[in-house]
Amino acid sequence: MIRVDEKPLVCNKCSGAFVADVKREELIGLRVGYYFSCPHCGKKYPSYSITVEGEKLLKRLNKVRGKLKSDPALYRPQFDSLLEKYQKEVSGPYQESEVL
């Protein structure tokens, strides 16, 4: 579970206010999906999906991001290359039929 923000959201179905607790679930095609649900009525909001490779790239990106301030000229090309690869591994909301 990932807490993204303390700002309340409003459910499109029941109008209940809540703070999103993002959860992870396995999807078809060696992907994982991230979603949150309304605690009042249970409406599910799929956020995005990412491949297993994309999750590995994200970890590498975060490490390089931490080094960018120390030497931007050295780390910017590596960061940009990883970011380009990462963006190919992420997609928008997914369908419930894709959940394993």
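Two residues are in contact when they have heavy atoms within 4.5 Å of each other. By that criterion, residues 24 or more positions apart account for 42% of the contacts in the chain with a separation of 6 or more. The structure is a predicted model, in which the chain holds two helices and seven strands, and the order of these elements along the sequence is β-β-β-β-β-β-α-α-β.

**Overall form and surface**

- The radius of gyration of the chain is 17 Å, well over the 13 Å that the globule rule gives for 100 residues, so the chain is more spread out than a compact globule.
- Along its principal axes, the C-alpha trace spans about 50 × 30 × 20 Å.
- Of the 100 residues in the chain, 30% count as buried, while the chain exposes about 6,800 Å², with carbon and sulfur atoms supplying 54% of that area.

**Nonpolar cores**

- In soluble globular proteins, nonpolar side chains tend to be buried together.
- The largest nonpolar core in this model has 12 residues, among them Val-22, Val-32, Tyr-34, Ile-50, Leu-57 and Tyr-86; strand E5 (31-37), helix H1 (52-68) and helix H2 (72-87) each supply at least two residues of this core.
- A second core, separate from the largest, has six residues, including Cys-11, Phe-18, Ala-20 and Tyr-45.
- Tyr-86, a member of the largest core, touches Ile-50, Gly-54, Leu-57, Leu-58 and Leu-61 when residues up to four places away in sequence are not counted.

**Helix H1**

- The 17 residues of H1 should span 24 Å at 1.5 Å a residue, and the end C-alpha atoms of H1 are 25 Å apart, which agrees.
- The buried residues in H1 include Gly-54 and Glu-55 alongside Leu-57, Leu-61, Val-64 and Leu-68, and the buried residues of this helix pack against strand E4 (21-27), E5, E6 and H2.

**Helix H2**

- With 16 residues, H2 reaches 21 Å from its first C-alpha to its last, close to the 22 Å expected at 1.5 Å a residue.
- Tyr-75, Phe-79, Leu-82 and Tyr-86 are the buried residues of H2; seen down the helix axis, they fall within an arc of 70 degrees, so they line one face of the helix.
- An α-helix has 3.6 residues a turn, so residues three or four places apart point the same way.
- Ala-73 and Pro-77 are exposed on the other side of H2, whereas the buried residues of the helix pack against strand E6 (44-51), H1 and strand E7 (90-91).
- Leu-83 also lies in H2, but with a relative accessible area of 27% this residue is partly exposed, because buried requires under 20% and exposed requires over 50%.
- Although Leu-83 and Leu-57 are 26 residues apart in sequence, their C-alpha atoms are 8.0 Å apart in space.

**Ser-37 in strand E5**

- Ser-37, placed in strand E5, counts as partly exposed at 28% relative accessibility.
- Leaving aside neighbours within four places in sequence, Ser-37 is in contact with Phe-18, Gly-42, Lys-43 and Lys-44; of these, Phe-18 is one of the residues of the second core.
- The C-alpha atoms of Ser-37 and Glu-25, which are 12 residues apart along the chain, are separated by 13 Å.

Methods. Residues are numbered from 1 along each chain as its sequence is written. This is a predicted model: local features need pLDDT of at least 70, side-chain atom pairs count only at pLDDT 80 or more; totals for chains, interfaces and linings use all residues. Side-chain values use heavy atoms; hydrogens and water are left out. A nonpolar core is a set of buried Ala, Val, Leu, Ile, Met, Phe, Trp, Tyr and Cys residues joined through side-chain atoms within 4.5 Å. Buried means under 20% relative accessible area, exposed over 50%, partly exposed in between (1.4 Å probe, protein chains only). Helices (H or I, at least four residues) and strands (E, at least two) are DSSP runs, numbered from the N terminus. The expected span of a helix is 1.5 Å times one less than its number of residues. The arc is that of the directions from the helix axis to the C-beta atoms. The radius of gyration is taken over C-alpha atoms; the globule rule is 2.2 Å times the number of residues to the power 0.38. Accessible areas come from the Shrake-Rupley method with a 1.4 Å probe; for residues, only the protein chains shown count as cover.
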